[in-house]
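Student: I have just opened this structure and would like a guided tour. Could we take it step by step?

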Amino acid sequence: MLYLLELGFIGLCIAVLPLGWVLLRRDPNKYRKLAWVTTFLTLDLIMFGGFTRLTDSGLGCPDWPGCYGTSSPFAAHADIHAAQVLLPSGPVTFVKAWIEMIHRYFAMSVGVLIIVLMVMAWLKRRDLKQSPWLATWLFVLVCVQGAFGAWTVTMKLQPVIVTTHLMLALTLLGSLAWLASRQMPLTQVAADPEALRWRWAALAGLALLVFQIALGGWVSTNYAVLACTDFPTCQGQWVPPMDFHNGFRLWRELGKTAGGEVIPMQALVAIHWVHRTFAVVVVAYLAWLATRLRRYPALKTPATLVWVLVVVQFATGLSNIVFQWPLLNAIAHNGGAAILLLLLVMLNYRIRAARHVEAAPVAASLAQADLSARQKPLPSAEPAAAPIAGTPTGSA
């Protein structure tokens, strides 16, 4: 269809801007620069996706990938106006349609950048001395993410689909951060080899954060933020009445139970309470981990930022309850979680890169021994021939 070509052209035009900026930079490693730029734009896309969800704009255009079969809300003006007249308080308005379509344009441009990264990884695999399969994995991941973006709309914001869409976006962000970190010189990212003993603790911290973000996504997609409006108790009790069965039943419509009834308040309380309670575990663990890792020079800056962001996340999460979920604060809470994930991925990479530092002296010794062996004169292959008896040694 023509509008699909128009959508692709819009995404390509937006992607040209960061691509042009990378090409005009004097940095000789264009691949590294593009990887970091794509990582940064993916982080922005995740934050804008949170803004789209929090403003109830996910169904601003109720079809996919366009808007009422067109490439922009301009062309869909009549359909949007008719939907707004039919249901003035519904999800379709001109503002929400533009928010949703800008999010889609932005997502398509990030997809274009990831395709460029994949192509460059294969064409320059000898120069990069890296396997191109990580970049290929990013391409597969962004295609799957696009499919879940479509299902988010066509399945009317079903919580499990929206939450999966969020987690795939964070997986994409983490994979991009790992790819970009691989392009950095080893001297800039590698920690002290002694930091290797923290590799499992750092991985556990990342796993705890991912689980907590999934719980937070489940809270947001079920609109359970205001199920508990007091703190530290919930509805005046430390352990209020809760319905875990309906609260954590994955396959169901938004706002309903699996049987199609309106979801009870106790189910929303269960969702909120679990996220709030587990947050205490995650905050304590990450604060302890960051404090321990700060003593390594290569880890000090990201570890300090983790510590600061843990405090900020706790503060924004608490203020979401106290101030009744203000939009700016909720976006900051979502964005803070994504940045925290980004930092923990970088910390894990730096700790594991210490293995190369540990192996470097051994490799250098082997290389020196090989060089010395090459420079040492080789013994003659055959002994000098002895003079034959009776042969004159002087001139005739």
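Tutor: Happily! Let us begin with one pair: both Lys-33 and Asp-27 are buried, where buried means under 20% relative accessible area, exposed over 50% and partly exposed in between, with a 1.4 Å probe and protein chains only. Do keep in mind that this is a predicted model, in which local features need pLDDT of at least 70, side-chain atom pairs count only at pLDDT 80 or more, and totals for chains, interfaces and linings use all residues. Residues are numbered from 1 along each chain as its sequence is written, and side-chain values use heavy atoms, leaving out hydrogens and water.

Student: What do the side chains of Lys-33 and Asp-27 meet in?

Tutor: The term to know is a side-chain nitrogen of Lys or Arg within 4 Å of a carboxyl oxygen of Asp or Glu. For Lys-33 and Asp-27 the N to O distance is 4.0 Å, and they meet in a salt bridge.

Student: Which residue forms a salt bridge with Asp-27 at 3.2 Å?

Tutor: This partner is buried, as is Asp-27. The closest N and O atoms are 3.2 Å apart, and the residue is Arg-32.

Student: Is Glu-253 buried or partly exposed?

Tutor: Glu-253 forms a salt bridge with Lys-256, at 3.8 Å from N to O. Its relative accessibility is 49%, so Glu-253 counts as partly exposed.

Student: How many salt bridges does a search of the whole structure find?

Tutor: We have met some of them, including the one between Lys-256 and Glu-253. The search of the whole structure gives a total of four.

Student: Which helix gives the largest share of the largest nonpolar core?

Tutor: Such a core is a set of buried Ala, Val, Leu, Ile, Met, Phe, Trp, Tyr and Cys residues joined through side-chain atoms within 4.5 Å. This one has 43 residues, and Tyr-31, Ile-114, Leu-117 and Leu-172 touch the most other members. Helices supplying at least two residues each include H2 (30-54) and H4 (94-123); helices are DSSP runs (H or I, at least four residues), numbered from the N terminus. The largest share, nine residues, comes from H4.

Student: How far apart are the end C-alpha atoms of H6?

Tutor: The expected span is 1.5 Å times one less than the number of residues. H6 has 22 residues and should therefore span 32 Å; its end C-alpha atoms agree, being apart by 32 Å.
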